[in-house]
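The following paragraphs guide the reader through a protein model. They begin with helices and their packing, and then turn to individual residues.

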Amino acid sequence: KLKEKDMNLDLLKNILSFVVLLLVQVLVLNHIHLFGCATPLLYIYMVLLFHRDYPRWSKLVLSFVMGLLIDVFSNTPGVATASMTFMGLIQPYLLGFFLQRDSPDDLKPTMKSLGFTKFVLYTLISVVLYCILFFTLETFNFFNWLQWLECIGGSAALTIILIIVIENLRKR
């Protein structure tokens with residue numbers, strides 16, 4: 001009974017966190033285009049924080065819904081939905097690379113639980129994969145591949161920096 005109450009409280013916190021991230025993304029971050037191509041995509045942070053013991057189907061459904069909401073408010077039809085669903089699919093496998101076999105099932109991947117280096121690598125790989133898929137679907141051509149690479153690199157760098165800053169603030 002206590003575990004179920006903790007899970008409900010955790011779900012409520014995650015929903016509130018996503019609503020805040022969605023508002024920040026739509027109202028502030030979507031208007032930042034550093035050097036004409038780099039936009040922070042901070043909402044991916046929610047997928048990175050999925051607990052290890054979440055059922056895979058719920059990770060996919062939650063990722064899909066989050067991506068759909070981002071698409072609705074950011075005018076990116078289907079791009080964020082597909083990219084977030086892909087991240088929900090591969091998140092358990094990426095996380096598995098950075099966990100020890102004896103780590104607890106209810107582990108939440110944070111800088112505190114994984115350690116700085118592992119968390120940064122986990123974040124780096126996840127965000128770069130997300131940005132590659134997101135910008136490939138958004139441009140849907142390779143005629144201007146240099147701008148495509150700039151968007152991936154710049155957006156990934158800004159997103160990773162923001163995630164690390166937020167993690168450091170949460171740690172305190």
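Contact here means heavy atoms within 4.5 Å. The model is predicted, and a suitable place to enter it is helix H4. The buried residues of H4 pack against helix H2 (45-48), helix H3 (56-74), helix H5 (111-114) and helix H6 (116-139). Among these buried residues are Val79, Met84, Met87, Gly88, Ile90, Gln91, Pro92 and Leu95.

Helix H4 itself covers residues 79-97, which makes 19 residues. From its first C-alpha to its last, H4 reaches 27 Å, close to the 27 Å expected at 1.5 Å a residue. The helix nevertheless bends by about 45° at isoleucine 90, and proline 92 follows within four residues of that point. Both Ile90 and Pro92 belong to the buried residues of H4.

Two neighbouring helices each supply a residue that may be examined in detail. Serine 63 has its place in helix H3. Is serine 63 buried or exposed? Because its relative accessibility is 0%, serine 63 counts as buried, the limit for that term being under 20%. The side chain of serine 63 reaches the backbone oxygen of lysine 59 at 2.7 Å. Beyond residues up to four places away in sequence, serine 63 touches Val47, Phe50, Met84, Thr85 and Gly88. Of these names, Met84 and Gly88 also appear among the buried residues of H4.

Leucine 48 lies in helix H2 and is buried, with a relative accessible area of 1%. Its contacts, not counting residues up to four places away in sequence, include Gln91, Pro109, Tyr122, Thr123, Ser126, Val127 and Ile163. Leucine 48 and valine 127 stand 79 residues apart in sequence, and their C-alpha atoms are 9.0 Å apart in space.

Valine 127 leads to helix H6, where Val127 is one of the buried residues. H6 has 24 residues and reaches 34 Å from its first C-alpha to its last, close to the 34 Å expected at 1.5 Å a residue. Its buried residues also include Phe119, Tyr122, Tyr130, Cys131, Phe134 and Phe135. Just after H6, phenylalanine 140 takes a positive phi of about 55°.

Aromatic residues form a further theme. How many aromatic pairs does a search of the whole structure find? The search finds six. One pair consists of tyrosine 43 and tyrosine 130, in an edge-to-face arrangement with 5.9 Å from centre to centre and 85° between the planes. This pair links distant parts of the chain: tyrosine 43 is in the loop between helix H1 (2-27) and H2, whereas tyrosine 130 is in helix H6, 87 residues apart. Tyrosine 43 is buried, with a relative accessible area of 1%, and tyrosine 130 is likewise buried, with a value of 1%. Tyr43 and Tyr130 form one aromatic cluster with Phe134 and Phe135.

The cysteines complete the tour. A disulfide is a covalent bond between the sulfur atoms of two cysteines. A search of the whole structure finds zero disulfides. Cysteine 37 is in no disulfide, and the nearest cysteine sulfur, that of cysteine 151, is 4.5 Å away. Why is there no bond between cysteine 151 and cysteine 37? The reason is distance, because 4.5 Å between the sulfurs is too far for a bond. Cysteine 37 is buried, with a relative accessible area of 10%, and cysteine 151 counts as buried at 10% relative accessibility.

Technical notes: Residues are numbered from 1 along each chain as its sequence is written. This is a predicted model: local features need pLDDT of at least 70, side-chain atom pairs count only at pLDDT 80 or more; totals for chains, interfaces and linings use all residues. Side-chain values use heavy atoms; hydrogens and water are left out. Helices (H or I, at least four residues) and strands (E, at least two) are DSSP runs, numbered from the N terminus. The expected span of a helix is 1.5 Å times one less than its number of residues. The bend at a residue is the angle between axes fitted to the seven residues ending there and the seven starting there. Buried means under 20% relative accessible area, exposed over 50%, partly exposed in between (1.4 Å probe, protein chains only). Rings of Phe, Tyr and Trp (its six-membered ring) pair if their centres lie within 6.5 Å; planes under 30 degrees apart count as stacked, over 60 as edge-to-face and the rest as tilted. A polar contact is a pair of N or O atoms within 3.5 Å; within protein, one must be able to donate a hydrogen and the other to accept it, and residues adjacent in sequence count only if both atoms are side-chain atoms. A disulfide is a pair of cysteine sulfur atoms within 2.5 Å.
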